[in-house]
Structures are given as structure tokens and as C-alpha cells.
Amino acid sequence: MGENTKNTEAGLAAAAAVNVDEITARRRMRRSRGADWSRRLVRETRLMVDDLIWPIFIVPGTNISEPISAMPGVNRLSVDRAVEAARMAADLGIPALATFPNVELERRDQTGSLALEADNLINQATRAIKQAVPDIGVITDVALDPFTDHGHDGILRDGEIVNDETVRAIAAAAVHQADAGSDIIAPSDMMDGRIGAIRQALDAAGHQNVAIMSYATKFASACYGPYREAINTSGLLKGDKRSYYLDPSNAMEAVRDAGLDVEEGADMLMVKPGLPYLDICRALKDNFGLPTFAYQVSGEYSMVKAADAAGYIDGERIMLETLLAFKRAGCDGILTYFAPEAARLIAKGLG
Ligand code: PBG
């Protein structure tokens, strides 16, 4: 009823004549929404610090913390500074980190051979973090993109990202990462058969206790732009990743693809990007019941930060709402650049 009719006599009479209980049959959804104590009592999902995985970027050198312009508030850290960040994250109660290296451009090549060096930057970071902060989980990506001079996640031969050769390289890289102390290997490359190959390679090397979190459904998304600036692949990337990442149009195919990863031995599944793919999060959780994670990727982070900086939205509230949405959609946790910020707000009771 409009404000002006409300004040007329006819309007008041009409309002009195409406018996809402006849309409609702006395079911009032609002009863439990009236008070804070009651809303807390009926709350179905909660965001906790235990749900957060913090992705961080590593650079060579010491005492470096350099801003990433497309990701306000996120810095590339040298290993020593990453150790400090890990300690801070552990103090906040964040269960795990995910590390991404930004190596020198001159060390990148056609096959990403640096991925196969036992003491490369990502493995140095893992060793240092596990030694200084043993109680925080370290999750490492084995995709080749930080190490290739063309920015693709696999080996490029005659214009094609070759599957099986890439899988062999990734499985070998996974063993080096586990040797360095990685707790969870997380392949983000979307090659076929990689989960089984990584599992076999890890087991053969005595790493039965190292888990695999599959980037099971990774979509060919426009949301990865700022990450590519962070690890300096945007200038290198030729073409796009549509010949190996999932088509954003396909949900059924995503479930089938994740199903193969489950068969091959994935311990955990991930959906990437996050918010535009909540339907996939729900589908994976319902279909497989595995621990399921969403990666709220760089573009998602930057959109919130940019709109907040412009004064268009309340960035903190939007951040918490998006993180909660992942929980509601069935996720057990979220990889998010917001992790420390969110952890601090949760500690203040704002989650
Ligand atoms: C590639 C990789 C990507 C991200 C992490 N590893 C995507 C890509 O560059 O195609 C994206 C992470 C983000 O956007 O936050 N293996």
C-alpha cells in the first residue's frame, strides 16, 4: 500500500479489513527475526576463522613486501616476510595458506622446467614456513603457469597444451613440493588424469599422508586478471585457457569432471572462481560429499575493493556476506585474499 493511500480514510479502512492471519494461516516467518538473540538462535550457517585459507604471493629476495596495484591491500612477499605473514595468520587462527610464486621472467621457459627444481621459490617458501610455523597448513599449487614463458598451465607444443607430458611434469613437481613439506597438493591446471598421476607419484615417494585438493572445476573465467598481474603472467599469456579450463556455460560437465577427480583419489574438491559459481559448489557437495572449497579469486577480491574505495558499497559487509554465501552453498572453506581481514572481524564477533 502506498504512503498516500495509507493516510486517507479509505486506505485505513482497507488496511483494517485485511486479515493477514487469514492469508498466512498464522504462519509468521518474521517471528524468529525480531530480536538479535532469536536470529542467532536460528542461524543455519556461520562463517568461522576455521573456514579460511589465505593465498599469498612469494617473490625472490629478502625483506620485500611489494604492493600489487590491481589488488589493493595484497603484497608480494619475500620468503622471510611470508614467514612473518604465516605467523600472523596462525595467530589469527587461520588454518592454512596457499602459496603462489612470482619468479624472475628470465627463469621461465617453454616447459616450466623450474617447477621441477627441488629448491625453487615455492619450495623454499614451504620449507621456511613449515620450519617456523609448523602448525599452519601449507597448500601448494602444481600448475606450471608461474614457470612457463607463455603463461599457460601446461607444456606448449605446436600451439597445443599437451596433456600427458604436462601431467608427468606436474606429478614430479608435486613430489618436490611434498618433499619440501607441503601438506596439500592443489593442482590448478585442469589436465586430464592429473589427480591419479599425482596420487601415484606421491605414494611411490612415501608421501601417503600428503593430501590432494583438486581444483576440480576451474572455469575459463575473466576473474583471474589481477592474479596474472601478481605473478607476472598477463604480459606473457598467448591466447586463452579455454582448451583446458571448463566452459562457464557447463554445469553438468563440471560435475562429471569433478567425479573423475574423486575416482582418481582427490581428498578435497575446489570450485574456482567462487561467487559466480555457487551452483557448482552446491552440486559438488551434494554429489560427492567431499570437503569442498571455493576460491574467491583475485578479480572477485578486486571488485569489492574497488567499489569500496569508490564509496559505492560497504566493503567489509559485502566481504563477510560473500564469504557466508560460500558456506550456505555447501562449502567447507574458502580460499580468499580477505582471510586476515575477515579473521579479525570474526574475532570481533562480526562474522
Ligand atoms: C593458474 C592459476 C590461476 C589462478 C591461480 N592459479 C588462473 C589463471 O591464471 O588462469 C587464479 C587465482 C586468482 O585469480 O586469484 N594455474
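The protein chain exposes about 16,400 Å² of accessible area, of which carbon and sulfur atoms supply 51%. The model is predicted, and every value given here is computed from it. Buried residues make up 51% of the 351 residues in the protein chain. The chain has 14 helices and 12 strands, and along its principal axes the C-alpha trace spans about 80 × 45 × 35 Å. Among contacts between residues at least 6 apart in sequence, 74% join residues at least 24 apart.

One pair of residues illustrates separation both in sequence and in space. Thr8 and Asp153 are 145 residues apart along the chain, and their C-alpha atoms are 68 Å apart. Thr8 is found in the loop between helix 1 (3-6) and helix 2 (9-17). With a relative accessible area of 37%, Thr8 is partly exposed.

The discussion turns next to the strands. Strand 3, residues 75-78, pairs with two others. Strand 1 runs parallel to strand 3 and is joined to it by three bridges; within this pairing, Ile58 has Leu77 of strand 3 as its bridge partner. Strand 2 (residues 65-67) pairs with strand 3 in the antiparallel sense, also over three bridges. Here the bridge partner of Glu66 is Arg76 in strand 3.

Strand 1 appears again in the surroundings of helix 6. This helix comprises residues 121-132, 12 residues in total, and reaches 17 Å from its first C-alpha to its last, close to the 16 Å expected at 1.5 Å a residue. The buried residues of helix 6 are Leu121, Ile122, Asn123, Ala125, Thr126, Ile129 and Lys130. An α-helix has 3.6 residues a turn, so residues three or four places apart point the same way. Ile122, Ala125, Thr126 and Ile129 are among the buried residues of helix 6. What covers the buried residues of this helix includes strand 1 (52-59), helix 5 (79-92), strand 4 (96-101), strand 5 (137-141) and helix 7 (163-179).

Lys130 deserves separate attention. This lysine lies in helix 6, and Lys130 counts as buried because its relative accessibility is 18%, under the cut-off of 20%. Which groups make polar contacts with its side chain? The side chain of Asp183 makes a polar contact with the side chain of Lys130 at 2.7 Å. In addition, a polar atom of the Lys130 side chain lies 3.3 Å from the backbone oxygen of Pro134. When neighbours within four places in sequence are left aside, Lys130 is in contact with Ile136, Gly137, Val138, Gly181 and Asp183. Asp183 is thus named both as a contact of Lys130 and as its polar partner.

The ligand forms the next part of the picture. It is surrounded by 17 residues, of which the closest are Ser188, Arg228, Lys272, Ser298 and Tyr337. A polar side-chain atom of Ser188 lies 2.6 Å from a nitrogen atom of the ligand. For Lys272, an N or O atom of the side chain is 3.4 Å from a nitrogen atom of the ligand. Tyr245 also takes part, with an N or O atom of its side chain 3.1 Å from an oxygen atom of the ligand. On its own the ligand has 400 Å² of accessible area, and the protein covers 100% of it.

Lys272 connects the ligand surroundings to a feature of the backbone. A cis peptide bond joins Lys272 and Pro273, with omega at about -10 degrees. Pro273 is found in the loop between strand 10 (268-272) and helix 11 (278-288). Thus Lys272, one of the closest residues to the ligand, is also a partner in this cis peptide bond.

Two further backbone features concern positive phi angles. Ala25 has a phi of about 55 degrees although it is not a glycine. Ala25 is found in the loop between helix 3 (20-24) and helix 4 (36-42), and its relative accessibility of 47% is why Ala25 counts as partly exposed. Asn232, likewise not a glycine, has a positive phi of about 60 degrees. The place of Asn232 is in the loop between helix 9 (225-230) and helix 10 (252-264), and Asn232 counts as partly exposed at 35% relative accessibility.

Key: Residues numbered from 1 in each chain as written. Predicted model: local features only at pLDDT ≥ 70, side-chain atom pairs only at ≥ 80, totals over all residues. Heavy atoms only, no water. Helix = DSSP H or I, 4+ residues; strand = E, 2+ residues; numbered from the N terminus. Expected span 1.5 Å × (residues − 1). Buried < 20%, exposed > 50% of the residue type's maximum accessible area, 1.4 Å probe, protein only. Contact = heavy atoms within 4.5 Å. Near = heavy atom within 4 Å. Polar contact = N/O pair within 3.5 Å; in protein donor to acceptor, adjacent residues only side chain to side chain. Areas by Shrake-Rupley, 256 points an atom, 1.4 Å probe, with all protein chains shown as cover. Pairing = 2+ DSSP bridges.
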